[in-house]
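Please report on the ligand site and the pockets of this protein.

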Amino acid sequence: MVENYPVIKRIKEYAKENKIPIMMDDGIDFLTTFIIKNQAKNILEIGTAIGYSAIMMCLCSPNVVVTTIERDEKRYLEALKNIKELHLEDRITLIYNDALNVKLSEKYDLIFIDAAKAQSIKFFELFERNLNPEGTIITDNLSFHGLVDKKDEEIKSRNVRALVRKIRDYIDYLKNNSKYETEFFDIGDGISVSTKK
Ligand code: SAM
């Protein structure tokens, strides 16, 4: 099992110790199963953190290549180190930049959005032009630790309330987007799968 690799264990421990939000185990299982089932090969990820999900996506199939974008320098450097340690430099391209400033010309079978939750609509609209006709956009953290289903009055912090509203706006945006069929899964921290109609 890949998750038992010593390097993967160390990456997960580092994330825990340094409070870096990486995908939950069942979220990763869902994502990698989706990749295998749908034979996704060329993947774009928005939000690398320290490279954990990019690495797991690569390790689930020898055909996968990943381009991943991270704006935080420390995390980007840690991701670079982790990718090198697993000798995945040829299969993972890391871009150190704010994703909103990145323009790509390539097409991808899968776009995985896992960055600033308030900006999901912007990421979706910016990168959908890079999606293959049969492609899929997957987004993580739609439940935001269960807060999205709570009433506003139950959320004490104003900032968190504003963020939760943005996530709800994104969910509505997906539901009302007639170009895509979106399914929502109560897995990990809440995942959506949007496929072009
Ligand atoms: N996908 C990673 C994993 O599961 O291993 C976790 C990503 S973490 C939830 C989100 C990351 O997105 C953070 O490291 C944050 O710095 C980065 N991020 C947020 N907004 C971004 C943006 N506009 N451009 C690039 N990176 C961004």
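The shell around the ligand holds ten nonpolar, four polar and seven charged residues. Here Ala, Val, Leu, Ile, Met, Phe, Trp, Tyr, Cys and Pro count as nonpolar, Asp, Glu, Lys and Arg as charged, and the others, Gly among them, as polar. In total, 21 residues surround the ligand, and the closest are Met23, Glu70, Arg75, Ala99 and Asp114. A residue belongs here if one of its heavy atoms lies within 4 Å of the ligand. This is a predicted model: local features need pLDDT of at least 70, side-chain atom pairs count only at pLDDT 80 or more, and totals for chains, interfaces and linings use all residues. Residues are numbered from 1 along each chain as its sequence is written, and side-chain values use heavy atoms, with hydrogens and water left out.

Three side chains have a polar atom close to a ligand atom (a polar contact is a pair of N or O atoms within 3.5 Å).

| Side chain | Ligand atom | Distance |
|---|---|---|
| Ser53 | nitrogen | 2.8 Å |
| Glu70 | oxygen | 2.6 Å |
| Arg75 | oxygen | 2.8 Å |

The protein covers 94% of the 610 Å² of accessible area that the ligand has on its own (Shrake-Rupley method, 1.4 Å probe). Helix 3 (52-59) and strand 2 (65-70) each give at least two residues to the shell.

The ligand takes up the space of the largest pocket. That pocket has a volume of about 680 Å³. Among its 31 lining residues, Pro21, Arg75, Asp114, Ala115 and Lys117 are the closest to its centre. The lining divides into 13 nonpolar, nine polar and nine charged residues.

Key. A polar contact is a pair of N or O atoms within 3.5 Å; within protein, one must be able to donate a hydrogen and the other to accept it, and residues adjacent in sequence count only if both atoms are side-chain atoms. On a 1 Å grid over the protein atoms alone, a cavity is a set of points where a 1.4 Å probe fits but cannot get out, and a pocket is an open set with protein on both sides within 12 Å along at least five of seven lines; lining residues have an atom within 4 Å of a point. A molecule sits in a cavity or pocket if more than half of its atoms lie within 2 Å of its grid points. Helices (H or I, at least four residues) and strands (E, at least two) are DSSP runs, numbered from the N terminus. Grid points are joined across faces, edges and corners, and a volume is the space filled by probe spheres set on the points.
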